[in-house]
Amino acid sequence: MATGKRYYWIKLKDSFMNSEVVDFLMSQPNGASYVVLYQMLCLKTINTGGRLTCQIGDIIIPFDIEKIQRDCKWFSLDTVRVALGLYKQLGLIYEEQDGTLVLVNHAEMVGSETDYSAQKRLQRENRRRQLPMQTGDSTADNSVDNVHTDIRDKRTDIRDKEIRDKDKDNGSPAVDAGLAEIIRSFEDNLGGFPPAAREDLLGWREIFTDDLILLAIKKAALAGIRKWNYVNGILKAWKNEGVKTIGDVQSRDERRNPPAGQQQKPSAKDDYDAIFGGLG
């Protein structure tokens, strides 16, 4: 019986262990520990979108080295300290003005699925295995497909079909994994992806890297505004200000947010107005 629980896992591309970043980490003393610690931090920040923070009441507290060492207790303080320094140099993480560490490629490293979705996926796989045994006149078994149809599954099927590349290689359609990841991240963090926004998204991918678009989605989630227009507004503001990299975003945020104690942090509504006020 499905309970609505969500399960998470680490997603590793087949090229992950052969990447230049991992090769560099593995060449260092304790390199294997640095790679494993990075993967543990990805799982540790599942519910915070890659941000190394914890919440106590209404207070959000950034992790420090001691907190990371306590939670990932297989590693010494020195190992954690050196690993974080290497992650920053390699662009795996960046530090916000308040000291919060953010994993840049978090969305690419973590996968998730509800137990209900897993159940429906297994049902579809079982039906596909049985198709060769059915005749064209047999419709009794197929009637099951019309019972308890899940709207989210339908939306996912349509989305997967739409994101297939129209260009075909040897007759086999290629799947645009980057686009699929962006839409999946939007749906996981903000809700259903509006079909009308697809053309806008394709246009932004010609201007920004997928990592920047994923970061815009993450910022919308952190602001608590579950709308494509808000993500679209963030990207427009970045374009107008010449933002090209995640480092540019960090610098922009530092300019907009003076040191703590000098100015009250703007609310989500203030941020929303700041973005859309100049776009009319």
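This report describes a predicted model of one protein chain, from its overall make-up to a few single residues.

The protein chain has 280 residues, and 34% of them count as buried. Its secondary structure consists of 13 helices and eight strands. Among the contacts with a separation of 6 or more, 66% are between residues 24 or more positions apart. The accessible surface of the chain is about 17200 Å², and carbon and sulfur atoms contribute 51% of that surface.

Confidence varies along the chain. The mean pLDDT is 76, with 68% of the residues at 70 or more. Two stretches with pLDDT below 50 are listed here, with their contacts beyond near neighbours in sequence.

| Stretch | pLDDT | Contacts beyond near neighbours in sequence |
|---|---|---|
| Residues 134-151 | below 50 | seven contacts |
| Residues 165-169 | below 50 | four contacts |

On the surface, I56, I59 and I61 make a nonpolar patch of about 280 Å². One of these residues, I56, lies in strand β2, which covers residues 53-56. The relative accessible area of I56 is 55%, so I56 is classed as exposed, the cut-off being over 50%.

Another residue to look at is N30. N30 sits in the loop that runs between helix α1 (20-26) and helix α2 (31-44). The phi angle of N30 is near 65°, which is a positive value in a residue other than glycine. N30 has a relative accessible area of 48%; because this value falls between the cut-offs of 20% and 50%, N30 counts as partly exposed.

Notes:
Residues numbered from 1 in each chain as written. Predicted model: local features only at pLDDT ≥ 70, side-chain atom pairs only at ≥ 80, totals over all residues. Heavy atoms only, no water. Patch = residues over 30% accessible without salt bridge, like charges linked within 9 Å, V, L, I, M, F, W, Y side chains within 5 Å. Areas by Shrake-Rupley, 256 points an atom, 1.4 Å probe, with all protein chains shown as cover. Salt bridge = Lys/Arg side-chain N within 4 Å of Asp/Glu carboxyl O. Helix = DSSP H or I, 4+ residues; strand = E, 2+ residues; numbered from the N terminus. Buried < 20%, exposed > 50% of the residue type's maximum accessible area, 1.4 Å probe, protein only. pLDDT = per-residue confidence, 0-100. Contact = heavy atoms within 4.5 Å.
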